[in-house]
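Visitor: I have a structure open and would like to go through a few parts of it. Can we start with the terms?

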Amino acid sequence: MTESDYRDMLRASVLESATFLRLTMSGKRKGSDLPWQKAVVRPVLVQGQPRMQFSWFDGRSDITENWAGPHLEQKLDEALALPFRQFHLQATSGDLYVRVTRKSKALIDRTPPSLSERPPIAHDRVKGHVLPRGTPNILLQALGIMDASGRVRPPAQGKFRQVNEFLRIVSQVVDEADRSERPLEIVDFGCGRAYLTFAAYHYLHHIQGRPVRVIGIDRDPELVTKCDGLRDELGWADLSFRTAAISDLVLERPPDLVLSLHACNTATDEALAQGILQGSRIILAAPCCQHELRPQLRAPLFQPVLRHGVLKQRTAEILTDALRALTLRIMGYRTSVVEFVDPEHTARNLLIRAQRGVPAGDPDLVREYRELRDFWQVTPTLEGLLGSTFGQHVG
């Protein structure tokens, strides 16, 4: 049997969704250059949607990708073209073994099914960890969160939980967006070291199988250089990083997702304003260092609270994020403020989650905003950054 024949046979069996269970490819042919020791293809469900999962193992780590539609057939053809020596296809109708000899001759053997019943294919990792413990992951290893065996390093337990909880939220909001063939456009304002940015790209592109383009913006050229280095180390070409101020960025296309993860103080307001003005469908912001309103607070009734520095700071933080959330709602975003990781793991655990899709200028929300702003006698930075776009609703 020729290579074309057995590849066509394996391809047809994998795409037969009613019977296919698993394809395992292993070993490499003599004289070939193959980076993988093994690859496994199996059907899974991701967020209730059928996908085909490709897992690649090199002896130290693995890469997992999920594909569907026209991309699936392309990825399957690419996998079958690699110089693996052995193929084991399991189906409900029986097993198929293919071994390629040194002279490139394919030896075929068929046996009764090795699996007596079809195993469950649910793959809703978001209910547990999107990037699970015990499974080596190339990104978590590069970030120093996980060792080569898949063990989470003790000092990185908090970061591991933060990454996974953040990806759980990303899966919820992005999965509701349309699944067109065009790349998802993601912008991270104030990206810093960008480990959550890399995680979002890894999840959406390698696990969900979506085309993704990411731009990370930060004022610190040293951090941008480090992000470029990690991107090049991973070989993820669809991420770019720029040294710039948030307000200076002009995008060619409206973003699908704007991130602002621990951008300090009013940098969060700048990111929110950019997300709104650029027409982003989704905004995820984890505020940090909310010092802006603290010196402005003037409310005689709350003087017993404001005379204590720590209570005044906490009040300012709550008020800042409440006004931000109200502003997003007034501008047409369904908005919630949630804890995206337990406070025991990080003090920076709030996330503002906003999705465009409601009428702007709701009069009840405008009234709430005015009353809250005027009671505390504050002038929020975000209101000024939005200018007339917000002023037409609030006045």
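Guide: A residue counts as exposed when its relative accessible area is over 50%, and as buried when that value is under 20%. Keep in mind that this is a predicted model.

Visitor: OK, is Leu301 buried or exposed?

Guide: Leu301 has a relative accessible area of 68%, so it is exposed. This residue lies in the loop between strand S12 (282-288) and helix H8 (303-306).

Visitor: Which residues form a nonpolar patch with Leu301?

Guide: Phe302 and Phe375 do. Together the three have about 300 Å² of accessible area on the surface.

Visitor: Switching to helices. What span should H9 have?

Guide: Helix H9 covers residues 309-330, and at 1.5 Å a residue its 22 residues should span 32 Å. Its end C-alpha atoms are 31 Å apart, which agrees. Just after H9 comes Gly332, with a positive phi of about 100 degrees.

Visitor: And how many residues of H5 are buried?

Guide: 13 of the 13, so H5 is largely enclosed by the rest of the structure. H5 should span 18 Å, and its end C-alpha atoms are 17 Å apart, which agrees. Gly209 follows H5 and has a positive phi, near 75 degrees.

Visitor: Last topic. How many disulfides are there?

Guide: Zero.

Visitor: Why is there no bond between Cys191 and Cys227?

Guide: Because the sulfur of Cys191 is 4.6 Å from that of Cys227, its closest cysteine sulfur, which is too far for a bond. A disulfide needs the two sulfur atoms within 2.5 Å.

Visitor: Are those two buried or exposed?

Guide: Cys191 is buried at 6% relative accessibility, and Cys227 is buried at 2%.

Conventions
Residues are numbered from 1 along each chain as its sequence is written. This is a predicted model: local features need pLDDT of at least 70, side-chain atom pairs count only at pLDDT 80 or more; totals for chains, interfaces and linings use all residues. Side-chain values use heavy atoms; hydrogens and water are left out. Helices (H or I, at least four residues) and strands (E, at least two) are DSSP runs, numbered from the N terminus. The expected span of a helix is 1.5 Å times one less than its number of residues. Buried means under 20% relative accessible area, exposed over 50%, partly exposed in between (1.4 Å probe, protein chains only). Patches are made of residues with over 30% relative accessible area and no salt bridge: like charges are joined within 9 Å, nonpolar side chains (Val, Leu, Ile, Met, Phe, Trp, Tyr) within 5 Å. Accessible areas come from the Shrake-Rupley method with a 1.4 Å probe; for residues, only the protein chains shown count as cover. A salt bridge is a side-chain nitrogen of Lys or Arg within 4 Å of a carboxyl oxygen of Asp or Glu.
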